[in-house]
Amino acid sequence: MRTVFLGYGEIGATVLGPLTEHHEVVAVLTHRPSYAGLGEDHVVKLAEKLGLPVHFARHADEPQVLPVLRQAAPEVLVSTNWRTRISETVLRIPSRCPVNVHDALLPGYAGFGAVNWTIRNGETRTGLTAHVMDPELDTGPVLHSVVVPIGDDETAGSVYAAMLRAYPGAVLTALDRVAHGEQPVPQPTTGSSFYHRITEADTRIDWSLSTTRLFNLIRAQSDPFLNAWCTAADGRKLYVKRAKRPVRAYRGTPGRVVRHAEGGVAVSCGPSWAPGSDGIILLEAQWEGDRPGPAEKVLPRLGVQLT
């Protein structure tokens, strides 16, 4: 099918390559690599390598872009990791439909940071949903979905890698269904939820939480995402890159560095009397401005209070 592609970053490039092998991509719309300070040029480099015309915009309905999209006369728009809302004016351009692939199993986890929020909330699965776009974010009828399991100790980084592998198949299957005239299925209203963008303020560690809640936060904010963090008495930020549940419980004042144990640094958490307040083992950490390293080297002193 004649296709206009809207996408950005690694996810966008992961879809664009296979898309050009099966469909006629007549134009690529992306954000400039410097968008929002992200510095991701994956789509630009791939489009140039493939000889595809590239157009830059923050919003898809900017005056210099709309004529390009209309002249392209696409049958479908395909959006992956396009990072601004697409107006109804643009959604009406394709002769068949506009298709987006969202990184969650809709209707739950619409919005932003779905990979991180699902792990933070202790979910055991996530996935991709290819749906027809409408003016509201992530609410359009579903063409195809793919389930991606989340292991008990799995991090956002490994789940993200699994999602990347699933993106091309999800998009191509959805487009096959469009080409064959299959009708998308409306999303149910029950279980619908929308999540906001994750900022650094949202990833601060609260040592009063249980071991499970803390562990889920840390693994949800693993590399390549913004890491969970706390502060020391001198105000320095400490980023926690990897952690694990302890074999033995380490209890006491929440945030106290108790001892070096189990291959890392044991820090107490939660009320000392409460079930599930078993502490957590920090494995890798990083002071702001320094290099990451083993937690025992980053936190060599015991008795330090983290907040």
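Visitor: Which residue in E13 is the bridge partner of His260?
Guide: This is a predicted model. Strand E12 covers residues 257-261 and strand E13 covers residues 264-267. In E13, His260 has as its bridge partner Val265.

Visitor: How many bridges join E12 to E13, and do the strands run parallel or antiparallel?
Guide: Two residues lie between the strands of this hairpin. Glu262 takes a positive phi there, near 55°. The two strands run antiparallel, and the bridges joining them number four.

Visitor: Is helix H7 largely enclosed or not enclosed by the rest of the structure, and why?
Guide: H7 spans residues 211-220. Its buried residues include Leu214, Phe215, Leu217 and Ile218. Arg219 is buried as well. Eight of the ten residues are buried, so H7 is largely enclosed.

Visitor: Which elements do the buried residues of H7 pack against?
Guide: The partners are both helices and strands. The helices are H5 (114-120) and H6 (156-179). The strands are E10 (228-231), E11 (237-244) and E14 (280-287).

Visitor: Are the rings of Trp117 and Tyr195 stacked, tilted or edge-to-face?
Guide: The count of aromatic pairs comes to four. In the pair of Trp117 and Tyr195, the ring centres lie 5.1 Å apart. Stacked needs planes under 30 degrees apart, and edge-to-face needs over 60. The planes here stand at 40°, so the pair is tilted.

Visitor: How many residues apart in sequence are the parts that Trp117 and Tyr195 tie together?
Guide: Trp117 is buried, at 10% relative accessible area. Trp117 and Tyr195 form one aromatic cluster with Tyr109. Trp117 lies in helix H5 and Tyr195 in strand E9, so the pair ties together parts whose separation in sequence is 78 residues.

Visitor: What kind of pair do Tyr160 and Phe225 make?
Guide: Their ring centres lie 5.8 Å apart. The planes stand at 85°, so the pair is edge-to-face.

Visitor: Where does Phe225 lie, and is Phe225 buried or partly exposed?
Guide: Tyr160 lies in helix H6, while Phe225 lies in the loop between H7 and E10. Tyr160 counts as buried, at 16% relative accessibility. Buried means under 20%. Phe225 has a relative accessible area of 23%, and is partly exposed.

Visitor: What share of the protein chain is buried?
Guide: The protein chain holds eight helices and 15 strands. Its C-alpha atoms fill a box of roughly 65 × 40 × 30 Å. Of its 307 residues, the buried share is 50%.

Technical notes
Residues are numbered from 1 along each chain as its sequence is written. This is a predicted model: local features need pLDDT of at least 70, side-chain atom pairs count only at pLDDT 80 or more; totals for chains, interfaces and linings use all residues. Side-chain values use heavy atoms; hydrogens and water are left out. Buried means under 20% relative accessible area, exposed over 50%, partly exposed in between (1.4 Å probe, protein chains only). Contact means heavy atoms within 4.5 Å. Two strands pair if DSSP finds at least two bridges between them. Rings of Phe, Tyr and Trp (its six-membered ring) pair if their centres lie within 6.5 Å; planes under 30 degrees apart count as stacked, over 60 as edge-to-face and the rest as tilted.
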